[in-house]
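Please look over the sequence and the structure shown below before reading on. The briefing that follows goes through the sheet, the helices beside it, one residue from the interior, one patch on the surface and the chain as a whole.

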Amino acid sequence: MATAAPATAFGQAVIGPPGSGKTTYCLGMSEFLRALGRRVAVVNLDPANEGLPYECAVDVSELVGLGDVMDALRLGPNGGLLYCMEYLEANLDWLRAKLHPLRGHYFLFDCPGQVELCTHHGALRSIFSQMAQWDLRLTAVHLVDSHYCTDPGKFISVLCTSLATMLHVELPHINLLSKMDLIEHYGKLAFNLDYYTEVLDLSYLLDHLASDPFFSHYRQLNEKLVQLIEDYSLVSFIPLNIQDKDSIQRVLQAVDKANGYCFGVQEQRSLEAMMSAAVGADFHFSSTLGIQERYLAPSDQSVEQEAMQL
């Protein structure tokens with residue numbers, strides 16, 4: 001008798017530069033998902049990540065440790081981390097064996113913060129590609145610290161890095177502006193928040209940069225960078241406050257749409273109960289699509305309704 005093929009698994013590859021809040025995101029998202037009734041497995045793929053605040057189902061440091069690599073090969077932290085990822089890429093059988101007993105769980109992969117791993121180095125992309133062959137559907141969740149919005153020059157750099165990451169990683173992708181609860185402490189924004197999340201007409205950002213004597217010497221370079229970003233027209237952001245359930249839910253909505261995850265009736269009821277408790281007893285959903293109506297455009301809603309009918 002033929003053995004049944006394993007069910008498709010879903011998850012998130014949490015990426016982003018150091019200090020963007022990846023580990024905190026994994027902790028908050030895992031708690032949110034468990035409250036919905038999903039079985040969650042958090043996988044730490046960062047060998048430099050110590051003192052993990054969440055329950056770790058798989059830890060890459062069991063395979064290779066950054067400190068050991070640095071001592072044995074006399075590498076710095078950057079070179080050592082690249083070696084660790086290449087070592088994991090060469091030993092994917094170990095990772096597959098660790099993930100196999102967790103089939104049926106929703107995965108959160110806490111990835112290293114080395115920027116080049118997501119912009120031009122091939123190891124992490126190769127790992128994600130292999131996971132896809134294991135029928136594991138991932139969405140890349142790219143976190144960027146929201147304080148970059150307060151500096152036009154840094155924001156252009158973030159846009160370039162985000163675009164390069166989207167093109168290199170080759171996964172369904174969403175970008176998040178993390179730590180939105182702290183943005184007021186970073187200073188006043190030059191434009192409304194929507195300008196940054198939707199990446200609207202960047203010529204206004206160039207005009208703002210022109211007032212700076214340093215950046216005025218690089219206006220042509222900035223114009224070319226902005227033109228490249230606008231020509232691709234791929235980058236946008238979702239604001240995230242990991243302390244706010246409503247904010248986490250908006251992110252989860254986008255992730256589930258990106259990787260094709262469909263939640264069941266029981267999960268919908270859990271979400272209704274949790275969100276009702278968060279905002280008061282008067283809050284309720286009139287239908288299974290109630291939560292989607294708050295965030296989706298009319299065209300998206302029609303697609304979702306057709307899917308529910310099927």
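Helices (H or I, at least four residues) and strands (E, at least two) are DSSP runs, numbered from the N terminus, and two strands pair if DSSP finds at least two bridges between them. This is a predicted model, in which local features need pLDDT of at least 70 and side-chain atom pairs count only at pLDDT 80 or more, while totals for chains, interfaces and linings use all residues. Residues are numbered from 1 along each chain as its sequence is written, and side-chain values use heavy atoms, with hydrogens and water left out.

**The sheet**
- An open sheet of 7 strands, with parallel pairing, follows the order 3-2-4-1-5-6-7.
- Strand 3 (56–59) and strand 7 (237–239) stand at the edges with a single partner strand each, so one side of each has no neighbour in the sheet.
- From one strand to the next the twist averages 30°, where axes are lines fitted to C-alpha atoms, for helices over the stretch in contact, and angles run from 0 to 180 degrees between N-to-C directions.
- Strand 2 (residues 40–44) and strand 4 (residues 106–110) run parallel and are joined by 5 bridges, and V42 stands opposite L108 in strand 4.

**Helices on the sheet**
- Helix 4 (residues 92–99) packs on the sheet and touches strand 2, strand 3 and strand 4, its direction making about 165° with that of strand 3; contact here means heavy atoms within 4.5 Å.
- Helix 6 (residues 123–133) lies across strand 1 (9–15), strand 4 and strand 5 (136–145), and runs at about 145° to strand 5.

**A residue from the interior**
- Q249 lies in helix 12 (residues 245–259) and counts as buried, at 3% relative accessibility (buried means under 20% relative accessible area, exposed over 50%, partly exposed in between, with a 1.4 Å probe and protein chains only).
- Although Q249 and L33 are 216 residues apart in sequence, they are 9.5 Å apart in space, C-alpha to C-alpha.

**Exposed side of helix 2**
- L73, which has its place in helix 2 (residues 66–73), is partly exposed, with a relative accessible area of 41%.

**The chain as a whole**
- The chain has 15 helices and 7 strands, and of its 310 residues 46% count as buried.
- Among contacts between residues at least 6 apart in sequence, 74% join residues at least 24 apart.
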